[in-house]
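I sat down with this one and a coffee, and kept notes as I went. Here is what I looked up.

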Amino acid sequence: MCGIVGYLGNRDAVPVLLSGLRRLEYRGYDSAGMAVIRGNGDLNVHKCKGRVADLEKHIEGKDTAATIGIAHTRWATHGEPNDCNAHPHLSQSGRIALVHNGIIENYRILKEALTEQGYTFRSTTDSEVFVNLIEYIQEANNCSLLEAVQQATKQVVGAYAIAVVDRDNPDQLIAVRQSSPLVIGIGEGEYFISSDAASVIEYTNDFVYLNDGEIALISRNVPVRVTTAENESCRVDISTLQLSISELEKGGYEHFMLKEIFEQPHTLQDCIRGRIDKQTYATVLSGVRDNKEHFLNARRIIIVACGTSWHAALIGKHFIESLCRIPVEVDYASEFRYRKPVIQSDDIVIAVSQSGETADTLAAVNLARKSGAFVYGVCNVVGSSIARATDSGTYIHVGPEIGVASTKAFTGQVTVLLLLAMAISHEKGIAQEDRCKAIAKEMLTLPQKLESTLERVTTEVQSLAKIFTYAHNFIYMGRGVNYPTALEGALKLKEISYIHAEGYPAAEMKHGPIALVDAEMPCVVIATPDATYDKTVSNMEEIKARGGKIVAVVAEEDTIASEIADYVIRVPAVSEYLMPIVVSIPLQLLAYHIAVNKGRDVDKPRNLAKSVTVE
């Protein structure tokens, strides 16, 4: 949450900063700003409430020529979104500027101490406390900016990433990472910093990924130096990121979310590629194969995740228990880390996160490792914090996801969790081999099934969206693996249309929620072939008897549920293990088209940000 971008080099900094901010805006869009040190030595700050486009208008006609600068797009944590609370923040003297992602937990104590020293504060943010603390330390100890930053990080408690510039040193930029992502891009005689390497990929493919507690000193025409708060030198490893600009553009679609929905046949193919033997249909994941003993000896598996990833994890629980016969628990990462969980050395903890930077999930990973468990990561972003903190893992390989509401990352996570279950089952040698091979064989045809699903349902879902655009509430229902799919469908609608929606196991309707059903309550029911199909049909009859309007998602040859429903969406008939992936397509499209009809900002829904890097 929040995005940082910075530049030091020979080119004009402002176009680089604005380009980076536009690519980072998915991380927060309450306000935006930048600080540049001009050739005459002036440190100029430009910031305003609103989007990056508002910042661009704000600086129109102003002389912003500079070769060093830092910039920020904000998701508010402390202080309402306004011009004053926007970043960058200046120290009291106006000499130091800082941009900050994260939360300073002890900012009140620090603020009181600084106030006693004569400091005053313009904003209501925790970030302004950080920049004034740095200035106070520097002035009190007559030390360098780097030394002041090092000392400040020893006093600050929280999760944060910061970038700092000093008016008196226009050839230096300092960046710090502590539980919030920050990378350094290395160019020809120039440097970039960013919360996400993709934001500056048009300028360089070479990146240094900072670890927690590391402080980077970036100086003009000098190699990057990385230290700790104790001034111990750290190794600087440069990694090359393979990513094309086209993956970060809309490609002719109206919104990134729509593009990402339609990319799923391709992204699922990338996700599966090389992981299923096309001759034997055996599933092989190197992370499982290379850590076979952990999986063979696992007493239980705990999956930790948040939001959409938690829904994928619930589906993964079904897969692993069914195919591997290992007990699985699924926890919200935010609850797991605070409930003093009992973790044994023969447990496996699987962390699922699209960004690989989710703060609560990363904290759960660290807790699990300290407890001696083997930790496995499932994420999308190569080189992310969770990818580096886990013992092993599997990337979902679906490419950058820019839309805040996750689509292709969800189906990618479900696919990898199914592959993981089949790979574990294969290594265990239990009596599921034929079943797994049948699933694997069908999985190879999944991209084509998703293509046909998109062709089949797009027009009819658009028509349905017109009918339900002004509904005030929705209920989504499913059973088995499609109960979490219903949860995910409801979440998509909530996130981008702001319509209240809830997901339930269909059988639970009679235990309370059915009291809500009337002619004004649309009920989306996933009624696809599985062992609970007849029970789901009975649940539909109960809704129908109370005047509820039913939208049924059914398999293409269905005759029973489709007769009961008021509206029907047909999807290809696939294995129940693959059905959550196929069913997700119309649910994503329904949420998307309702939101568009309501005039919502689909890619940047209010109050949300893509990468949740604070608790």
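My entries on a helix, a sheet and the cores follow.

Entry: ground rules. I'm reading a predicted model here.

Entry: helix α5. I checked which residues of α5, spanning 145–155, are buried, and got L145, L146, A148, V149, Q150, A152 and T153. Next I asked myself: what do the buried residues of α5 pack against? I found the helix α4 (127–141) and the strands β6 (96–104), β7 (158–166), β8 (169–178), β12 (214–219) and β13 (225–227).

Entry: the five-stranded sheet. I traced an open, parallel sheet in the order β16-β15-β17-β18-β19. Its edges are β16 (328–332) and β19 (392–395), each paired on one side only. Ignoring direction, I get an average turn of 20° between neighbouring strands of this sheet.

Entry: inside that sheet. I looked at β15 (residues 300–305) and β17 (residues 347–353), which run parallel and are joined by five bridges. For V304, I noted A351 in β17 as the bridge partner. I also see helix α10 (residues 307–324) lying across β15, β16 and β17, at about 175° to β16.

Entry: cores. Which residues touch the most other members of the largest nonpolar core? I have I350, F474 and Y476, out of 92 residues in that core. I then pulled the contacts of F474, skipping neighbours within four places in sequence: F468, L493, I499, H500, A501, E502, M521, P522, V524 and I594. There is a second, separate core as well, with 32 residues, and I jotted down V52, F192, I201 and F256 as being among them.

Conventions:
Residues numbered from 1 in each chain as written. Predicted model: local features only at pLDDT ≥ 70, side-chain atom pairs only at ≥ 80, totals over all residues. Heavy atoms only, no water. Buried < 20%, exposed > 50% of the residue type's maximum accessible area, 1.4 Å probe, protein only. Helix = DSSP H or I, 4+ residues; strand = E, 2+ residues; numbered from the N terminus. Contact = heavy atoms within 4.5 Å. Pairing = 2+ DSSP bridges. Axes fitted to C-alpha atoms, helices over the stretch in contact; angles between N-to-C directions. Core = buried A, V, L, I, M, F, W, Y, C linked by side-chain atoms within 4.5 Å.
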